[in-house]
Amino acid sequence: MTVLEKRNVPLCVPELAGNAMNYLRECVDTNFVSSVGPFVDRFERDFAAYVKTGRAVAASNGTSALHIAMMLAGVGAGDEVLTSTFTFIATVNPIAYAGAKPVFIDSETETWNADPALAEEAVKERVKKNGKPPKALVLAHILGCPANIEPIKRVCDEYGVVLIEDAAEALGATYIGGDLDGLHVGTIGEIGIYSFNGNKIITSGGGGMLVCRDEKKIVRAKHLTTQAKLPGVEYSHDEIGYNYRLTNLAAALGASQLELLPEFLKKKAAITRRYNDAFSGMEGITLPPRPSFANPSNWLYTMLLNPSKTNGIDRRVMHERLKERGIETRPTWKPIHLQPMYKECELFGGSTSETIFDRGLSLPCSVGLTDDDQDYVIETVKSIIEEG
Ligand SMILES: *Cc1c(COP(=O)(O)O)cnc(C)c1O
């Protein structure tokens, strides 16, 4: 590799292979591209079978699926909902759509997800202050790493808080050992949601899924995504619904991607292994979390850079220098409690997520990433730190 070499290595792009063209062509050939057609049912069925849960309802995206989850949980005006602060904004906005107020929980260092001890403290403190528990808790499993859900679920069960899992980034991740052994992330709380946006582990162009074991809630979710229209020809509606359905075209692509998911997960795990082998033992680099109780999906490979031990190279400098070499990277999210719309909301803890924000950088990890391109990324990261 010469010093001047410059490639083009994107962060995380879709891998459109397998039956994608066959299924999309079938939609076009049969004229079923919109709200009618067999692929939505099929995608829902195959998805529910994959994550081994009761039933699934497709939605236009992960955010709309979460909005529906709020309604199923009975979240309404004036309610409080606990949620992770270190996550993508889409975890939190649906709480506001429902007229409720988020109360933020900081990350733990083991998973970077909501800290169970702080979640418990928050539930107890709200009970003391408001005389009732928060209505729900939206738990994000970020970057593909499962949250430490067992103690959080215990507290939610004890106080009657509806546990909603935002598994948008963690499709395919599972728990290991104990009561949760083998269970998929997103199927442990009362309601779970997933996303098939273009940068997620599988994509339908844009799309989402809601899972729940309560058949009544599933029926209502479907109803709410389809304008709450009652059967029959007369356009009768029994509540305010939404146009949140997934199109047959999107579901066709989603169904083709789901077939490839096991292969994608293997590739993502291999990418993580190669980066970890290269960076482990390097001063100033913290590898992504890998809790003992779970198999992550390895969606987005994210490390922390401590500039006091990397010759002053922080994640901002690293991002810029890698960009000059054609390597796309991304900082982690600014915690939601620092965003202007939510900065008045209550917060339990806060410093852990702020540190991860300050130090986090995601590296290229598309399913199609070649070993050669990954070596280029690794060598470039190392040389940037060496040069300082
Ligand atoms: C992508 C994402 C969502 C929302 O998904 P969309 O399909 O883009 O609406 C929700 N939560 C998290 C954590 C996400 O990363």
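Q: Helices (H or I, at least four residues) and strands (E, at least two) are DSSP runs, numbered from the N terminus; which residue takes a positive phi just after α9?
A: G326 does, with a phi of about 80 degrees, just after the end of helix α9. The model is predicted, so local features need pLDDT of at least 70 and side-chain atom pairs pLDDT 80 or more, while totals for chains, interfaces and linings use all residues. Residues are numbered from 1 along each chain as its sequence is written, and side-chain values use heavy atoms, without hydrogens and water.

Q: What makes β2 and β3 a pair of strands?
A: Pairing requires at least two bridges found by DSSP between two strands. Strand β2 (residues 80–84) and strand β3 (residues 101–105) have 5 bridges, in the parallel sense, so the definition is met. Within this pair, E80 stands opposite K101 of β3.

Q: Which sheet holds β2 and β3, and which strands are its edges?
A: An open sheet of 8 strands has the order β1-β8-β7-β5-β4-β2-β3-β13, with mixed pairing. Its edge strands are β1 (55–59) and β13 (347–348), each of which pairs on one side only.

Q: How do you know that α6 packs on this sheet?
A: Contact means heavy atoms within 4.5 Å. Helix α6 (residues 149–159) touches β4 (136–140) and β5 (162–166), and its direction makes about 150 degrees with that of β5. Such angles run from 0 to 180 degrees between N-to-C directions, with axes fitted to C-alpha atoms, for helices over the stretch in contact. Helix α7 (residues 215–225) lies across β1, β7 (191–195) and β8 (208–212), at about 15 degrees to β1.

Q: Why is β5 called mostly covered?
A: A residue is buried under 20% relative accessible area, exposed over 50% and partly exposed in between (1.4 Å probe, protein chains only). In β5, 5 of its 5 residues are buried. V162, I164 and D166 lie on one side, and L163 and E165 on the other. Strand β5 runs parallel to β4, joined by 5 bridges, and V162 is the bridge partner of A136.

Q: What puts the buried residues of α9 on the same side?
A: In helix α9 (residues 315–324), R315, M318 and L322 are buried. They share a side because they cover an arc of only 55 degrees around the axis, the arc being that of the directions from the axis to the C-beta atoms. K323 and E324, on the other side of α9, are exposed.

Q: What makes D314 a cap of α9?
A: A polar contact is a pair of N or O atoms within 3.5 Å; within protein, one must be able to donate a hydrogen and the other to accept it, and residues adjacent in sequence count only if both atoms are side-chain atoms. A side-chain oxygen of D314 lies 3.1 Å from the backbone nitrogen of R316, at the N-terminal end of α9.

Q: Why do β9 and β12 have one side without a neighbour in their sheet?
A: This open sheet has 4 strands in the order β9-β11-β14-β12, with antiparallel pairing. β9 (285–286) and β12 stand at the edges, each with a single partner strand, so one side of each has no neighbour in the sheet. Helix α9 packs on this sheet, touching β11, β12 and β14.

Q: How do you know that T63 and S195 make polar contacts with the ligand?
A: A ligand oxygen is 2.5 Å from a side-chain N or O atom of T63, and one is 2.7 Å from such an atom of S195; these distances fall within 3.5 Å.
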